[in-house]
Amino acid sequence: MGDGDTLRVVDGSKRLTIRMACIDAPETAQRPYGAVSRQRLQELAPVGSVVTLRPQTIDRYGRTVAEVFRGGQNVNLAMVSSGQAFAYRKYLAACDGSAYLGAEAAAQRQRVGVWAVPGGIQRPWDWRKGTRPPAASTAAPFPPAAGSAPPAAAPAGGYSGRKLTCRQIGSFTRAQELLRQGHTYLDRNGDGVACESLR
């Protein structure tokens, strides 16, 4: 098993690497989310279990892109429902897009998995483009201080790629959340702290 959206199956004498269709899970290096996502996939499709594939295509790496079913359950959809993967909008056309988007919205409302951070963690597709948060920014979310106002909501899509200034953000706590979501430019000196002028 690779990360939370890749698994290996044996079909007779063939060994196939499956890229799970219509979802994108956190990369292994997006700690701790990548490891938690992989663990959830292992729970849904344990090594040695029998799965059924609904293949869609072969990707550029030679992997079979497919929806994976075990015991009648759509494993791909279950990953999104549990907050351990995002609906991969760019590639939803071959799946029931409304089911995946609905599952993602429900996970976001429940603030489970990748949605424990307001707005969700940095999307894996953005992370792969090279916008890496510093190591300190990948930690699990921290609770707000007692008596403090809840942080402002992130954009619906989480990390949007739009650059913000510290003045626009206006809150030291909010700046740290944005740093964790991928706004690494807010940490000008690379010490893992964003917008130190707002302290």
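**Close-up views of a predicted model**

**View 1. Glutamate 67 and its polar partners.** Glutamate 67 reaches out with its side chain to the side chain of asparagine 74, and the two make a polar contact at 3.0 Å. The side chain of tyrosine 100 is another partner, with a polar contact to the side chain of glutamate 67 at 2.6 Å. Keep in mind here, and in every view below, that this is a predicted model. If you want to find the spot, look in strand β5, which covers residues 64–70 and holds glutamate 67. Is glutamate 67 buried or exposed? Its relative accessible area is just 3%, so glutamate 67 counts as buried. Leaving out residues up to four places away in sequence, the residues that glutamate 67 touches include Ala21, Thr52, Leu53, Arg54 and Gln56. Cys95 is also one of the residues touched by glutamate 67, and that cysteine turns up again in View 3 as half of a disulfide.

**View 2. The whole chain, for orientation.** Here's the overall layout before we zoom back in. The chain has six helices and seven strands, and starting from the N terminus they come in the order β-β-β-α-β-β-β-α-β-α-α-α-α. There are 199 residues, and 43% of them count as buried. Among contacts with a separation of 6 or more, 58% are between residues 24 or more positions apart. As for the outside, the accessible surface comes to about 10,500 Å², and carbon and sulfur atoms account for 53% of that.

**View 3. The disulfide of cysteine 22 and cysteine 95.** How many disulfides does the structure hold? There are two, and this view shows the one between cysteine 22 and cysteine 95, with sulfur atoms 2.0 Å apart. Their link is right-handed, at 90° about the S-S bond. Cysteine 22 sits in the loop between β2 (14–20) and β3 (23–24), while cysteine 95 sits in the loop between β7 (86–87) and α3 (97–110), so this pair ties together parts 73 residues apart in sequence. Both cysteine 22 and cysteine 95 are buried.

**View 4. The disulfide of cysteine 166 and cysteine 195.** In this view, cysteine 166 is joined to cysteine 195, and the S to S distance is 2.0 Å. Which way does the link of cysteine 166 and cysteine 195 turn, left-handed or right-handed? With -85° about the S-S bond, the link is left-handed. Cysteine 166 belongs to helix α5 (residues 166–169) and cysteine 195 to the segment after α6 (172–180), so the pair ties together parts that are 29 residues apart in sequence. Cysteine 166 has 18% relative accessibility and counts as buried, because the cut-off is under 20%. Cysteine 195 counts as buried too, at 3%. Counting bonded cysteines along the chain, the disulfides pair up as 1-2, 3-4.

**View 5. The nonpolar cores.** The largest nonpolar core is made of 23 residues, and Leu7, Met20, Ile23, Met79 and Tyr100 are the ones with the most contacts inside it. At least two residues of this core come from each of β1 (6–11), β2, α1 (33–44), β5, α2 (75–81) and α3. Which element gives the most to this core? That's α2, with four residues. Zoom in on methionine 20: among the residues it touches, not counting those up to four places away in sequence, are Leu7, Leu41, Ala66, Val68, Val75 and Met79. A second, separate core has nine residues, including Cys166, Ile169, Leu186 and Ala194.

Note on methods:
Residues numbered from 1 in each chain as written. Predicted model: local features only at pLDDT ≥ 70, side-chain atom pairs only at ≥ 80, totals over all residues. Heavy atoms only, no water. Buried < 20%, exposed > 50% of the residue type's maximum accessible area, 1.4 Å probe, protein only. Polar contact = N/O pair within 3.5 Å; in protein donor to acceptor, adjacent residues only side chain to side chain. Contact = heavy atoms within 4.5 Å. Areas by Shrake-Rupley, 256 points an atom, 1.4 Å probe, with all protein chains shown as cover. Disulfide = S-S within 2.5 Å. Core = buried A, V, L, I, M, F, W, Y, C linked by side-chain atoms within 4.5 Å.
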